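Here are some short exercises to work through with the model open beside you. Try each task before you read its solution.

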Amino acid sequence: MDGAERARAMNHDTPTPIPPTPIPPTPVPPAPVPSAGPAWWQRGLVGFDLETTGTDPAESRIVTAALVDTLGGTPTRARHWLLAPGVPIPPEAQAIHGISDEQARAGGRHPAEAVEEIAAALCVRLAQGHPVVAFNAPFDLSLLDAELRRHGRPALAERLAGRLVVPVLDALVIDRAVDRDRPGPRTLQHVCEVYGVPLADAHTAAADALAAVRLAVALAERYPREVGDLTLEALHTHQIGWYRGWAESRQARLRVTTPDAVIDPRWPLR
C-alpha cells in the first residue's frame, strides 16, 4: 500500500500519452457450473493491506499492516500492526499514510516479530481456504515475502507446504479485466467511487483492506458471469491470465519511448 497519492498507488495503472497498443478482448469465461450454497462473495473474505516506506516491493519496508475478516463484505474481526521499519520513512510516504519516524519508533513492533505474525495469520486463512483480497496483490504479497526473507523467516509458499498462494482475489486486476476501456485512474479511491464503495480513512491499512473486499463483492454483483458466478479456483486462474495480458500490453506501450521497460507479468506473487 503505497507515491504521490500513496506509497503503493504509483504502481497502479494511470492514463499515459503513449500511443496505445491494440489489446485483445478479455475472454469470456465459460458458463459456471451451479453449486449449492452461497457464492464465494457471500461467504468469508479476508482483506489484506500494507502501508509502506515506498513503492518497490523488493526494497520497501512495512510500516502498518491489516487483516480484516469479513462475511459478505461486513467486517467481523480485524488485526492491525504498526512496525518500526528500521529505515527512515520518506516524507512522501509519511504524507500518504500519516505515520512519522517518531510514531513508528515509539509504538512500532520489531519488524522480524511483526512480519512473522502477519505471515502466520495470513497463511492460516489461506490454508483454511479463505480467499485473501487485496488491491494490487503483487505489491503487498511480494513485499511481505521480501520482508520475511530479509529477517530470515520462511516465505509464504514454504509456510503453505510449497503449494501456490491461493485463493487470492485482486480487485484491481478484476476491474481492469471487466471494464478495461474505462478512462481515468485506477487508484483504490477512484475505483471505489466507480462502484459506490465507501472508503473512510483512505491509506490506513484497515480501511484499505476492507475497501478491497467490498470492491470484490461489488464486482461480483455487477459482473456475475465474468466474476460472481465463478468458482474461486476458476477466478484465481483467470486473474493470472488477466494480469499477464495487462502487463504485456503495458510493457509494449512503455517500450515505445523506453525500449528497456519491463513489467513483471507474475501474479499474485513475484
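**Exercise 1.** Find the bridge partner of L71 in β3, then work out the order of the strands in the sheet.

*Solution.* Step 1: in β3, L71 is bridged to T74. Helices (H or I, at least four residues) and strands (E, at least two) are DSSP runs, numbered from the N terminus. This is a predicted model, where local features need pLDDT of at least 70 and side-chain atom pairs count only at pLDDT 80 or more, while totals for chains, interfaces and linings use all residues. Residues are numbered from 1 along each chain as its sequence is written, and side-chain values use heavy atoms, with hydrogens and water left out.

Step 2: β2 and β3 run antiparallel and are joined by 8 bridges. Two strands pair if DSSP finds at least two bridges between them.

Step 3: on β1 (residues 44–52), G44 stands opposite L71 in β2, and β1 and β2 (residues 62–71) pair in the antiparallel sense over 9 bridges.

Step 4: β1 also pairs with β4 (residues 132–134), in the parallel sense over 2 bridges; here V133 is the bridge partner of G47.

Step 5: the result is an open sheet of 5 strands in the order β3-β2-β1-β4-β5, with mixed pairing. Its edge strands, β3 (74–82) and β5, each pair on one side only. Neighbouring strands are turned by 25° against each other on average, direction ignored.

**Exercise 2.** Describe how α4 lies on the sheet strands and how many of its residues are buried.

*Solution.* Step 1: α4 (residues 137–150) has 14 residues and reaches 20 Å from its first C-alpha to its last, close to the 20 Å expected. The expected span is 1.5 Å times one less than the number of residues.

Step 2: α4 lies across β1, β2, β4 and β5, running at about 70° to β1.

Step 3: 12 of the 14 residues of α4 are buried, among them F139, L143 and L148. Buried means under 20% relative accessible area, exposed over 50%, and partly exposed in between (1.4 Å probe, protein chains only). β1 is mostly covered too, with 8 of its 9 residues buried.

Step 4: just after α4, G152 takes a positive phi of about 70°.

**Exercise 3.** Which elements do the buried residues of α6 pack against?

*Solution.* Step 1: α6 (residues 171–178) is largely enclosed by the rest of the structure, because 8 of its 8 residues are buried.

Step 2: those buried residues pack against β4, β5, α7, α8, α9 (224–228) and α10 (232–254). Contact means heavy atoms within 4.5 Å.

Step 3: α6 and α10 pack at an angle of about 70°, with their axes 9 Å apart. That makes α6 roughly perpendicular to α10. Axes are lines fitted to C-alpha atoms, for helices over the stretch in contact, and angles run from 0 to 180 degrees between N-to-C directions. Angles under 35 degrees count as roughly parallel, over 145 as roughly antiparallel, 65 to 115 as roughly perpendicular and the rest as oblique.

Step 4: V173, I174, R176 and A177 in α6 meet L235, Q239, W242, Y243 and W246 in α10.

**Exercise 4.** Is V165 buried or exposed?

*Solution.* Step 1: place V165 in the loop between α5 (156–159) and β5 (168–170).

Step 2: V165 counts as buried, because its relative accessibility is 7%.
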